[in-house]
Amino acid sequence: MSLVGALFLLLLLFVIIILLKYCERVWYWRKQNVELLNIFSVLQKATKDKPLYRILQNIYQDMYEKRESFKAIELVLISGLFVQDQKAIEQILVTQYESFADRGLYANPNDPFLANMGRLEYDQWRHLRRKLQPCFSANSTKAMYPLMHRVCGEFVQVLRESVTQKRDNILEMRDLCSRFAVDVIGSVGFGVECNSLRDVNAKFRYFGDKATTEHFRPLLQFKTKYLNILKIFNVKYHSQETREFFTQLVKETIEYREKYGIQRADFMDILIKIKNDPQESKNFELTLDRIVGEVFLFFTAGYNTTSSALCEALYELAKNPEIQDKARSQVMDILDRHNNNITLEAVKEMRYIKQIIMETLRKYPLLFAVSRYSRRACTLPTTNGSLNIEPNTLLLIPSHAVNNNPEFYPEPDIFQPERFDKDVKRPACTYLSFGEGPKACPAINFSYIEMVCCLATLLRHFRFSTCEKTPKELLFNKEMLRLSVENIFLKVEPLNK
Ligand code: HEM
């Protein structure tokens with residue numbers, strides 16, 4: 001037999017094995033009484049006017065009405081469940097979290113950029129999470145606050161200058177909020193003055209955008225069940241240029257600080273202390289490469305998230321002037337009691353501003369879903385029974401759909417910060433913008449402080465309103481599962497010169 005013939009036979013055999021395996025899996029789900037979700041047909045239906053997250057929201061809502069707990073996603077190499085059942089969601093994220101303590105994301109041990117806290121498996125993740133917890137403690141946030149506050153002041157200056165250069169007072173806020181967020185995370189993460197608010201072409205901004213856009217390939221994000229194909233081919237998501245930039249930056253910063261004994265209230269400082277503490281190295285050593293990976297994660301996790309939330313909050317405030325007035329009046333009242341300074345204590349009192357951010361993130365959570373991966377076989381109780389879960393099953397919890405379920409949030413398309421008044425109660429795990437349980441975002445408090453400080457500073461100095469160029473609705477890329485992308489033009493009027 002010729003080589004071509006042999007290869008053809010091999011390929012045929014492979015296809016037959018895959019088909020048989022697929023049939024076996026379909027049969028497995030049928031026995032479990034779980035309907036299949038045709039993910040390829042879902043992907044095909046996505047258009048600019050009907051992006052993926054909306055299609056998934058409709059599927060979730062339909063399941064909710066029919067009380068259908070799960071739908072299966074079967075790709076042989078990845079077997080997953082799209083979870084609607086609220087009791088199961090709580091079990092996965094909180095009650096039985098140890099059985100589901102991985103995200104199922106591909107991690108590459110040879111690439112620190114793909115082997116950080118967000119991707120590592122449970123055994124390594126739990127040491128890292130405990131070690132890095134001090135980065136996000138109330139004391140660290142307090143120490144970092146002056147750095148954030150300074151960048152907020154700079155934002156006001158830049159906004160004033162930009163407005164005076166425009167006759168119509170119309171500014172594109174997405175870009176400005178991005179530049180603000182890069183400067184904050186650069187300062188509190190790396191101890192670097194990124195200067196992107198002032199310099200549109202600042203390097204940090206360039207690499208921040210590059211790093212967050214060059215790696216987003218939804219299906220390739222997940223590890224495979226049998227052959228770890230991505231690992232075999234040593235797949236890396238980030239370009240050499242991006243990796244070199246961040247590696248060099250972290251290494252030079254650490255060398256410089258260690259040489260001159262420089263201490264600064266930022267993430268880098270805490271990471272250097274952990275690295276140099278022999279007690280801390282017992283279970284899990286924080287090497288230089290690991291620090292690069294973690295700082296990179298903090299940068300990418302903390303950049304687009306806060307900037308999107310901020311400009312989406314401004315967009316909603318511009319569309320809802322009565323909410324904006326109420327917010328500004330609360331800011332002014334609180335500042336009266338704090339000598340007109342936006343101190344950390346004042347920020348903590350600004351409950352309504354925090355509610356505005358919570359409502360923004362409810363309406364526009366940055367991820368369409370939170371993922372978990374079963375580490376072992378277990379039984380998942382649901383509202384109307386239970387389901388046996390095999391090891392290596394991916395679980396997708398549709399955070400956007402849960403956050404917009406009218407049962408939990410009546411008239412979910414209406415922007416209403418009062419939903420988060422202290423006395424309003426709702427079931428557990430119905431607000432998923434930061435995830436939930438021990439794997440939830442560790443920077444919740446840090447992010448709220450940063451965003452409340454920024455929003456309060458802006459409201460104190462400017463009024464925001466819509467103009468002809470303001471989008472009627474926020475649109476998302478058709479294939480994008482997270483983050484709105486549209487420019488947000490707003491009219492910005494200074495309140496006091
Ligand atoms: C508006 C701001 C933010 C939002 C909405 C957000 C949202 C999220 C979400 C949904 C997760 C996954 C949670 C889960 O799987 O249950 C996450 C994880 C994470 N976030 Fe955030 N995040 C924000 C800001 C930040 C910032 C500023 C940082 C760092 C400076 C950060 C660092 C992380 C890290 C390290 C993880 C992984 C945690 C782990 O695996 O243990 N996030 N975030």
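Q: In this predicted model, what makes a residue buried, exposed or partly exposed?
A: The test counts other C-beta atoms within 10 Å of the residue's own: 20 or more make it buried, 12 or fewer make it exposed, and a count in between makes it partly exposed.

Q: Why is Lys 251 called partly exposed?
A: Lys 251 has 14 other C-beta atoms within 10 Å. That count lies between the cut-offs of 12 and 20, so Lys 251 is partly exposed. Lys 251 sits in helix α10, residues 240–260. Its C-alpha is 7.5 Å from that of Leu 288, and the two residues are 37 apart in sequence.

Q: Why does Asn 234 count as exposed?
A: Asn 234 has 10 C-beta neighbours inside 10 Å, and the limit for an exposed residue is 12 or fewer, so the term applies. Asn 234 belongs to the loop between α9 (229–232) and α10.

Q: Why is Cys 429 called buried?
A: There are 22 other C-beta atoms within 10 Å of Cys 429, and 20 or more suffice, so Cys 429 is buried. Its place is the loop between α16 (399–403) and α17.

Q: What makes the phi angles of Asn 234 and Cys 429 worth noting?
A: Most residues other than glycine have a negative phi. Asn 234 is not a glycine, yet its phi is positive, about 50 degrees. Cys 429 is not a glycine either, and its phi is positive at about 60 degrees.

Q: How do you know that the length of helix α6 agrees with its number of residues?
A: Helix α6 covers residues 138–164, which is 27 residues, and at 1.5 Å a residue these should span 39 Å. The end C-alpha atoms of α6 are 38 Å apart, so the two values agree.

Q: Where does α6 bend, and what follows the bend?
A: The bend is at Met 144 and amounts to about 40 degrees. A proline, Pro 146, follows within four residues.

Q: Which residues of α6 are buried, and what do they pack against?
A: The buried residues include Met 144, Tyr 145, Leu 147, Met 148, Phe 155 and Leu 159. The buried residues of α6 pack against helices α7 (173–190), α11 (267–275), α14 (344–349) and α17 (444–461), and against strands β9 (462–465) and β10 (489–494).

Q: What makes α7 a mostly covered helix?
A: Of the 18 residues in α7, 16 are buried. From first C-alpha to last, α7 reaches 25 Å, close to the 26 Å expected at 1.5 Å a residue. Gly 191 follows α7 and has a positive phi, near 70 degrees.

Q: How do you know that the protein is as compact as a globular protein of its length?
A: The protein contains 17 helices and ten strands. Its radius of gyration is 24 Å, and the globule rule gives 23 Å for 497 residues; the values are close, so the protein is as compact as a globular protein of that length. Buried residues make up 41% of the 497. Among contacts with a separation of 6 or more, 74% join residues 24 or more positions apart.

Q: Which residues come nearest to the ligand, and what is the make-up of the shell?
A: Gly 302, Thr 305, Gly 435, Cys 441 and Ala 443 come nearest, out of 26 residues around the ligand. By class, the shell has 15 nonpolar, seven polar and four charged residues.

Q: Which helix gives the most to the shell around the ligand?
A: It is α12, with seven residues. Both α12 (288–319) and α17 supply at least two residues each.

Key: Residues numbered from 1 in each chain as written. Predicted model: local features only at pLDDT ≥ 70, side-chain atom pairs only at ≥ 80, totals over all residues. Expected span 1.5 Å × (residues − 1). Bend = angle between axes of the 7 residues up to and from the residue. Contact = placed C-beta atoms within 7 Å. Rg over C-alpha atoms; globule rule 2.2 N^0.38 Å. Near = placed C-beta within 6 Å. Nonpolar A, V, L, I, M, F, W, Y, C, P; charged D, E, K, R; others polar.
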